[in-house]
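Before reading on, please take a moment to look over the chain and its fold. The report that follows moves from one hairpin to the sheets, the cores and the charged pairs.

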Amino acid sequence: MYAIVEMAGQQFKVAKDQKVYVHRLQTEEGKKVTFDKVLLLDDNGNVTVGAPVISGGAVEAKVVKHLRGDKVIVFKKKRRKGYRVKNGHRQSLTEIIVESIVAKGAKKAAPAKAKTEAPKKATTPKEEAAPKVAPVKKAAPTKGKADDLKKIEGIGPKIASTLVEAGIATFADLAKAKPAKISEIIAEVRGNHVTDTWPKQAKLAADGKWDELKKWQDELDGGKA
């Protein structure tokens with residue numbers, strides 16, 4: 001029986017009683033360690049492939065000792081430049097021995113039970129004295145089909161959606177709104193917006209006076225007369 005398992009960021013093909021050298025582990029020497037990222041298991045020809053890992057599969061091993069690998073020389077040179085750099089590196093490793101391969105039933109941390117009622121948080125004097133802020137109520141959705149507010153000179157897609165969210169979705173709604181109120185609603189939209197003519201333009205649009213509205217809009221500049 002053998003397994004392909006991920007240990008310390010590397011994949012190894014391991015069997016029982018096999019010694020393996022992996023990147024340095026934090027486990028102390030003599031302690032046991034379990035690797036649950038088993039990618040493949042072969043049990044006497046019965047092969048199981050994980051997707052990506054096998055549920056319940058694990059490789060149990062014992063840490064034998066910590067050591068350092070053989071020195072590796074890294075030499076860099078550039079021709080006709082007088083550039084030469086020589087460095088050595090020894091990788092920190094851990095020697096482990098595989099004690100068993102578990103196909104199913106690996107122990108996993110049990111999920112914490114949900115509490116029926118969360119404990120009440122003690123309030124400080126400052127929190128008790130702080131005034132409660134009432135939640136902002138959203139405008140009720142407008143009944144009926146919304147009009148294309150972008151037909152009003154000076155209103156773009158962002159302003160149109162902001163007005164709809166505030167409950168102004170038709171030309172009739174916009175005609176009833178005051179310029180100061182409109183400016184307050186679109187205060188967070190970037191740009192310098194002049195709302196003085198918007199209600200009057202909306203009144204013409206609501207009454208179906210498109211020719212008169214078009215003639216007036218030709219004289220406007222971004223909704224400003």
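## A hairpin to begin with

Which residue in the hairpin of β8 and β9 takes a positive phi? In this hairpin, where 4 residues lie between the strands, R80 is the residue with a positive phi near 60°. The two strands, β8 with residues 72-78 and β9 with residues 83-89, run antiparallel and are joined by 7 bridges, and K77 has R84 in β9 as its bridge partner.

## Confidence in the model

This is a predicted model, and the mean pLDDT of the protein chain is 83, with 80% of its residues reaching 70 or more. Over residues 109-116, however, pLDDT stays under 50, and the model has 0 contacts beyond four places in sequence for this stretch. Where pLDDT is low, the predicted coordinates should not be read in detail.

## Two open sheets

One open sheet is formed by 4 strands in the order β3-β10-β7-β4, with antiparallel pairing. Because β3 and β4 stand at its edges with a single partner strand each, one side of each is left without a neighbour in the sheet. Neighbouring strands here are turned by 40° against each other on average, direction ignored. Within this sheet, β7 and β10 are joined by 10 bridges, and V63 has I96 in β10 as its bridge partner. Strand β4, residues 32-35, pairs with β7, residues 58-68, over 4 bridges in the antiparallel sense, and K32 stands opposite K62 in β7.

Another open sheet of 4 strands follows the order β2-β1-β5-β6, again with antiparallel pairing. Its edge strands are β2 and β6, each of which pairs on one side only, and its neighbouring strands are turned by 20° against each other on average, direction ignored. Strands β5 and β6 pair over 4 bridges, and the bridge partner of D43 in β6 is N46.

## Nonpolar cores

The largest nonpolar core has 19 residues, and those with the most contacts inside it are M7, V14, V20, F35, V59 and I96. At least two residues of this core come from each of β1, β2, β3, β4, β5, β7 and β10. A second, separate core of 18 residues includes L163, I168, F171 and W198.

Strand β4 shows how one strand can have two faces, for V33 and F35 make up its covered face, while K32 and T34 make up the uncovered one. Setting aside neighbours within four places in sequence, F35 is in contact with V5, E6, M7, L25, A58, V59, A61 and I96.

## Salt bridges

The structure holds 8 salt bridges. In one of them E95 pairs with K19, the closest N and O atoms being 3.4 Å apart; E95 lies in strand β10 and K19 in strand β3, so the pair ties together parts that are 76 residues apart in sequence. E95 counts as buried, because its relative accessibility is 4%, which is under the 20% limit.

E99 and K32 also meet through their side chains in a salt bridge, at 3.6 Å from N to O. This pair links distant parts of the chain, with E99 in strand β10 and K32 in strand β4, 67 residues apart. E99 is partly exposed at a relative accessible area of 29%, whereas K32 counts as exposed at 64% relative accessibility. Salt bridges that share partners also join K19, K65 and E95 into one network.

Note on methods. Residues numbered from 1 in each chain as written. Heavy atoms only, no water. Buried < 20%, exposed > 50% of the residue type's maximum accessible area, 1.4 Å probe, protein only. Pairing = 2+ DSSP bridges. Core = buried A, V, L, I, M, F, W, Y, C linked by side-chain atoms within 4.5 Å. Contact = heavy atoms within 4.5 Å. Axes fitted to C-alpha atoms, helices over the stretch in contact; angles between N-to-C directions. pLDDT = per-residue confidence, 0-100. Salt bridge = Lys/Arg side-chain N within 4 Å of Asp/Glu carboxyl O.
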